[in-house]
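User: Please take a close look at one part of this model, the nonpolar patch on its surface. Tell me which residues build it, where they sit, and how far the coordinates can be trusted.

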Amino acid sequence: MRSPTPDGQTPAADDRRDPPAGPVRGMGTDQEAIGIDLPRHDDPPLVRRTAAARPDPEPETDPDPAAGAEPGLDDVRHRPTQPIDVRDRPTDRPDPSDVRNRPTEPIDVGNRPTVRLPRQRPAPPTNRAPLLIAGAVAALFAAAFSFLPVAAALALAQLTAGVSELGDAVRAGLAGWLLAHGVPPGTSLGPLGLPPLAVAAFAAWRVSRAGVHTSRAYGIAQRGSPLQAATVAGTVGLGYGVVGTAAALLADQPGLEVSALRAFVHCLVFGTLSALVGALRVTGALRVMAVRMPPVLRDGIRTGVVGAVLVLGTGAAMAGLSVALSGGDAADVLGAYRTGVAGQVGITLICLAYAPNAAIWAAAYLLGPGFAVGVDTIVRTTEVDVGTLLPLPLAAGIPQGPVGGLGALLLAAPLLAGMVAGWLLARRVLRLRAGDAYGRHRSWGSLVGAAAVGGPVAGLLLGLAAQVSRGPVGGPRLAEMGPVAWQVALAGALVMTIGATVGAAATRALAGP
């Protein structure tokens, strides 16, 4: 129930006493009284109308100025206003219909030119390992890994030769490991200076990995700084030199003399150069230096390296074929040792350690200068004059006379290797011409210039390989073993220059403009 009002009437009675809606006689309307139409409690709810739903107001006539009457307040307040259509007002925003109807151009993503962004340098490391400690540990591990195969091969070779003590086998292994680094041990028969290049290559690979690991531990990976790479390489080389000195002191004994100073210098240089290759690669400095080189020089160095590798590969194939064709003589030499299965396995491993030497000597044989197997001996394609050979199965592959018949076709192998290197150079230049604007400006002069630079580079590498593959073996009769370096370098530069130039020019001419 509703509560009564203060005057004792109920709301229903009060509602019945309200006058009816509408104007009261003599008082005018509500609008005329207060000028505002106030809502009543019994009025219907108001409905908000939008601008589109509102009816257009009737136009209002301006007051007649001749009448002299000014508009009153009520006239101004009740003057109808002109509605403003917001949709018709000019705006700064683009019309979506225009954007949708704007013609578009198709984009071929596959043919768009790509831009190589520079590699972002990593943030500087917060915790770096001490350089001396990291370099020393990496050098020690590299030396240990490269020493184990040598020690195993020499231990098997001497197992049935009366050497039963472990100390003698370890000293012989250390001497052989130092020999791979160019340190000739002195024996009762004379100095032994013919290095096993397979062991040297394995040791160089391990030391280069030591440079990589040291660079990462020191926090300079992908920093692109040649100075930091050289610092890491020098640290690893110093540690490697100390390890070599310790190995020389342990191997030095009566009947097997090893110079500690020479071991330190050789291992220092060997370790620094090998670690520098790994450090330059992991720091990105090698790529930076290659980009800064002139294009002709960069392409020439690449062509020379490829040509030298192809010539050495050809020599390795020829050496292996020659030993295979003389398999009966090699088996007789191996069976003459009477050392059992273990000893024969060790001798075979020693021959494998000198397989790269045989490949270099065969390459020198194909190039023309040939090689020597003792004092006053020579092995060339035109003449063969040999004396007492080494008692190794590998020596059975040495030719017994001049080349004749179909064997003369092998002499064209280095020239063909040079032509292949030139062909690869021209193919790379053609790919650059088709791929970017830089390659389109590569002319005949740059192509021939790169081929001409590649010839001396290949000759220099072949001469260096010939130099490190030679050395004395014992007595005075075998004091000269291997090819002459300058002769191999000169012949290799001449052959590779001709072959690379012909191959590159022919490929470029056949490819068309």
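Analyst: What follows goes from the whole chain to the patch, then to a buried residue, then to confidence.

This is a predicted model. The protein chain has 513 residues, and 33% of them are buried. Its secondary structure comes to 18 helices and four strands. Many contacts span long stretches of sequence. Take the contacts between residues at least 6 apart: 74% of these join residues at least 24 apart. The exposed area of the chain is about 31500 Å². Carbon and sulfur atoms supply 64% of that area.

Now the patch. Six names make up this nonpolar surface: I133, V137, F141, F145, F202 and W205. Together they form a patch of about 610 Å². Two helices each supply at least two of the residues: α5, spanning 131-157, and α7, spanning 197-218. Helix α5 gives the largest share, four residues.

W205 deserves its own look. This tryptophan belongs to helix α7. Is W205 buried, partly exposed or exposed? Its relative accessible area is 45%. Buried means under 20% and exposed means over 50%, so W205 falls in between and counts as partly exposed. A patch residue needs over 30% relative accessible area, and W205 has 45%.

For contrast, turn to a residue with little accessibility. N357 is part of helix α14, residues 355-367. Its relative accessibility is 2%, under the 20% limit, so N357 counts as buried. What does N357 touch beyond four places in sequence? The partners are L194, P195, P196, L197 and S469. One of these partners, L197, falls at the start of the 197-218 range of α7. That helix also holds W205.

Last, confidence. The mean pLDDT of the chain is 77. Residues at 70 or more make up 69% of the chain. Among the elements, α14 has the highest mean pLDDT, 93. N357 sits in that helix. Helix α16, residues 437-440, has the lowest mean, 46. Two stretches also call for care. Residues 11-18 have pLDDT below 50, and the model gives this stretch six contacts beyond near neighbours in sequence. Residues 61-74 stay under 50 as well, with two contacts beyond four places in sequence. Where pLDDT is low, predicted coordinates should not be read in detail.

Key: Residues are numbered from 1 along each chain as its sequence is written. This is a predicted model: local features need pLDDT of at least 70, side-chain atom pairs count only at pLDDT 80 or more; totals for chains, interfaces and linings use all residues. Side-chain values use heavy atoms; hydrogens and water are left out. Buried means under 20% relative accessible area, exposed over 50%, partly exposed in between (1.4 Å probe, protein chains only). Contact means heavy atoms within 4.5 Å. Accessible areas come from the Shrake-Rupley method with a 1.4 Å probe; for residues, only the protein chains shown count as cover. Patches are made of residues with over 30% relative accessible area and no salt bridge: like charges are joined within 9 Å, nonpolar side chains (Val, Leu, Ile, Met, Phe, Trp, Tyr) within 5 Å. A salt bridge is a side-chain nitrogen of Lys or Arg within 4 Å of a carboxyl oxygen of Asp or Glu. pLDDT is the predictor's confidence in each residue, from 0 to 100.
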